[in-house]
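Opening a fresh page for this one. I want to go through the chains piece by piece and jot down what I find.

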Amino acid sequence: MIFKKFSIENKKARDLIPQAITVLALLSIIIYFATNAQINMGNRGISFGFGFLNQEASFDITFSMIEYDGSHSYGRAFLVGLLNTILVSVIGIFFATIIGVVVGISRLSDNYLIAKVAEWYVEIFRNIPLILQIFFWYFAALRALPLPENGISFNDISFLTIKGWYVPKFIWTNFNIFLLSVIAAFIAIYFINSYATKQREQFGKQLPATSISLATLILIPLITFFFLGVSLTFEYPVLKQLSSTVYTYEGGVSIIPELIALALALSMYTATFIAENVRAGILGVGKGQKEAAASIGLNKNQILKLVVMPQALRIIIPPTTNQYLNLTKNSSLAAAIAYPDIVLVFAGTALMQTGRAIEIISITMLTYLTLSISISMFMNWYNKKMAIKEK
Amino acid sequence: MNLIVKPSKDTIKTYVPIGLSLVSLSILDVFVNAFFNLNLMAFMPSQLSYFLPLILGFIGFYLIRIEFSGVRSLDILNKNINSNNFNALLTLFTIFIIIKSIPPMLDWFILEANFTGNSKDDCTGDGACWVFIKVWFNRFMYGLYPDAEQWRINTAFLILFLIVGVTFFVSEKLKKYFILFLVFVFPFLGIKLISGGSFGLEYVESAAWGGLSLTFIISAFAILFCFPIGVILALGRRSSLPAIKYISIGFIELWRGVPLITVLFMSAVMFPMFLPDGTFIDKLIRVLIAITLFEAAYMAEVVRGGLQALPKGQYEAAKSLGMGYWRMNALIILPQALKLVIPGIANTLLALVKDTPLIFVVGLMELAGMIGLAKTNPKWLGMAMEGYVFAGLVFWVICYAMSRYSQNLEKKLSTER
């Protein structure tokens, strides 16, 4: 019967109708937008394409980790922005993790004062919009620093001024050998640890794996300094007079205030969320686990290291991954204080100059998507490694 | 650690008074130093006088650390801030840092600050220039909205608060209608009142809106729209129909993978390219759509967490009663799932409120944007600190109140006994 075939009683047809409607609606929206975009671009005389990436950018970027000036291409400018984004994210993640773990553990301290201070740190910094914190550090706090001629000096090695933080520059000879030695040290540590695990599991022997690893990490690179011709000298920043009133520092590396403000705000803000994750993770380990560990004679440090932390990490890692992702995405607020990240350089200046809104915004969004997906894939892998292996 | 003396319960009468006086002396020294700039220990060598409070306090805390002393208050003190040497040091450091930081803060906020006057020249003290906030207060609240028309914003918010207040007290039966009015009718009445253009009200274009009231308007509308969209997306992601499922996943992951600032950029420069030539959509509406879709994706993930946490039996029980998909979700699944994720929902809404300042990207100025405008005014240069501290306080109060409210709601709705 033909009615039966299309009637609402038929499960297949019933499932098909809403799906077909959704797909058709989505397709028609996409087609509508695409035709409009084509007409609009036709009117303005531009055609869709990524050829502009090879054109000369002819604008300068204040802070770059690779060689760049106006004569380089838009593609190169994109790379500069991307590297700056990654730089500030890595710095932010590093400090946010340290502050977050310290604050999270402090919140569980049996010292009432410490616990309260940590709690208020979280309450204060979590409830103020990140952008305001960035503005505060950049426009208010860092602007209160002295001019270069009276910069705050740390032993005459590094200077903190309103124009940024001048630190010594590392000058390496034979840096490659040093780098290889560090990699070699890490490989050695991997084998030491797996050997120690084997010894422990098979013979019940406890090897001081941590101290041996630490010694390896210090000793192997140190050897290169004495025998393989690696050397490290520093180039210190020196105050120099440009004109009667204008001073600046020469030599060394200048860390621009935009980077400092952004890294400070990002790490202090994200640290509050990480602290809450750490706290929840440690609280999530059952009391029985600690008591059982104590009853087989482990001491307080062993309990924390061998029983509590491995279990707490499983609870802590997934939400903390999310916070790392958030930090990376939040680093785009850099545009507000003119730190040359990918949004400011590419979606700002380059877009302004070329007018290629669709291409540039898509590239920027795709870049962030790729960054997000790669961080979450790495963290999923780590998470799987840490997960309980059920026998 | 065994020092020369080992305080115990027998020697409590000698050591506790000595210990307490040492601790008080060390705190007093830091206090006097911080507040009156006097150094009680000036007669000591300079290095020693610097560390003396710490050493005295440490010895004092050591002396009063007596387990099971039999004195209740002493036991509580020891347990909470003085359980071992490390804790005693931490306690001392914390107390000293707090005492040391009070006077400069007090000076800047109140004692050295200026409150009266109406120009930058009236700020003569070293502290904050609150005159700046006072003069610009109107702008910080209403943006560039014309002064004569500001009563309209006030009225709209006043009516909102009145209805919300009344809703708490009317009977259950009437409450439903009040909530329906608040959600479906009032937002559009309110926006009409503020934008004007009819009923004899002067039209105020949205570019002039700004300040804290804009923060509220954007947050309110985004919350209103992102919640249902988020719930639908969450249901879509859990759907058994592949097309709907994958479209939902794609939509959610796309928004969650990019920062809001690029979404706003998109709404500002890329979106107009997708519309027929000559169509113009108001900036505020474009921003609202962008924020709503962005936050809806986050909301969807939160709601999905709740849906996944529900035991399968709930679905099966609902189906066995003969309920269809929508009835099952509306009556059985969602009420339970949403209750489970109240903290997550509250966090998403908080994130939304905290994200509103980002609309500076498209040139709209809420509170933070207005402060950026005011501090670059040639007559008021150098007022960034006051401005951002003020904005920070305002946002902090709003966000803290929201998080507290959600914690209370969570407790109230919790059915676990």
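**Strand 2 and its sheet, chain A**

I started with the side chains of strand 2 of chain A, and they alternate: A:Phe159 and A:Thr161 point to one face and are buried, whereas A:Ser158 and A:Leu160 point to the other face and are not buried. Worth remembering as I go: this is a predicted model.

Next I looked up the partners of strand 2. On one side, strand 1 of chain A runs antiparallel to strand 2 (residues 158-161), and three bridges join them. I picked out one pair here: A:Ile152 has A:Leu160 in strand 2 as its bridge partner. The hairpin of these two strands has three residues between them, and A:Asn155 there takes a positive phi near 60°.

Then I checked strand 3 (residues 164-167) of chain A, which pairs with strand 2 in the antiparallel sense, also over three bridges. A:Phe159 finds its bridge partner in A:Tyr166 of strand 3. That is the A:Phe159 I had already noted as buried. The hairpin from strand 2 to strand 3 goes through two residues.

Zooming out, I get an open sheet of four strands in chain A, with the order 1-2-3-8 and antiparallel pairing. Which strands sit at the edges? They are strand 1 (152-154) and strand 8 (253-255) of chain A, each pairing on one side only. Neighbouring strands of this sheet are turned by 20° against each other on average, ignoring direction. Reminder to self: strands of a sheet pair through backbone hydrogen bonds, either parallel or antiparallel.

**Another hairpin, chain A**

I moved along to strand 6 (residues 238-241) and strand 7 (residues 247-250) of chain A, which pair in the antiparallel sense over four bridges. They form a hairpin with five residues between them. The pair I wrote down is A:Leu239 with its bridge partner A:Tyr249 in strand 7.

**Helix 6 and the domains, chain A**

I wanted to know whether helix 6 (residues 175-203) of chain A has the length its residue count calls for. At 1.5 Å a residue, its 29 residues should span 42 Å, and the end C-alpha atoms are 41 Å apart, so the two agree. Right after helix 6 comes A:Gly204, with a positive phi near 70°.

For the domains of chain A, the assignment gives domain 1 (2-44), domain 2 (74-168 + 236-386) and domain 3 (169-235). Note that domain 2 is written as two stretches. I looked up the distance between the centres of domain 1 and domain 3 of chain A, over C-alpha atoms, and got 60 Å.

**Chain B overall**

On to chain B, where the secondary structure comes to 16 helices and one strand. Is the chain compact or spread out? Its radius of gyration is 30 Å, well over the 22 Å from the globule rule for 417 residues, so chain B is more spread out than a compact globule. The C-alpha trace spans about 85 × 70 × 45 Å along its principal axes. I also noted that 33% of the 417 residues of chain B count as buried. Of the contacts in chain B between residues at least 6 apart in sequence, 69% join residues at least 24 apart.

The domain assignment here gives domain 1 (12-111) and domain 2 (204-351). Their centres, taken over C-alpha atoms, are separated by 53 Å.

**B:Thr356**

I stopped at B:Thr356, which lies in the loop between helix 14 (342-355) and strand 1 (365-366) of chain B. Buried or exposed? It has 27 C-beta neighbours inside 10 Å, and the cut-off for buried is 20 or more, so B:Thr356 counts as buried. Apart from neighbours within four places in sequence, B:Thr356 is in contact with B:Thr215, B:Ile218, B:Ser219 and B:Glu366. I checked B:Leu241 too: it is 115 residues from B:Thr356 in sequence and 35 Å away in space, C-alpha to C-alpha.

**Where the chains touch**

Last entry: 40 residues of chain B are in contact with 49 residues of chain A. On the chain B side, the helices that each supply at least two residues are helix 3 (72-81), helix 4 (85-111), helix 9 (242-257), helix 10 (260-270) and helix 16 (384-413). Which helix of chain B gives the largest share? Helix 16 does, with ten residues.

Conventions
Residues are numbered from 1 along each chain as its sequence is written. Chains are lettered from A and ligands numbered from 1 in the order in which they are written. This is a predicted model: local features need pLDDT of at least 70, side-chain atom pairs count only at pLDDT 80 or more; totals for chains, interfaces and linings use all residues. The expected span of a helix is 1.5 Å times one less than its number of residues. Domain bounds come from an automatic or database domain assignment. The radius of gyration is taken over C-alpha atoms; the globule rule is 2.2 Å times the number of residues to the power 0.38. A residue is buried if 20 or more other C-beta atoms lie within 10 Å of its own, exposed if 12 or fewer, and partly exposed in between; C-beta atoms are placed from the backbone. Two residues are in contact if their C-beta atoms, placed from the backbone, lie within 7 Å. Two strands pair if DSSP finds at least two bridges between them. Axes are lines fitted to C-alpha atoms, for helices over the stretch in contact, and angles run from 0 to 180 degrees between N-to-C directions.
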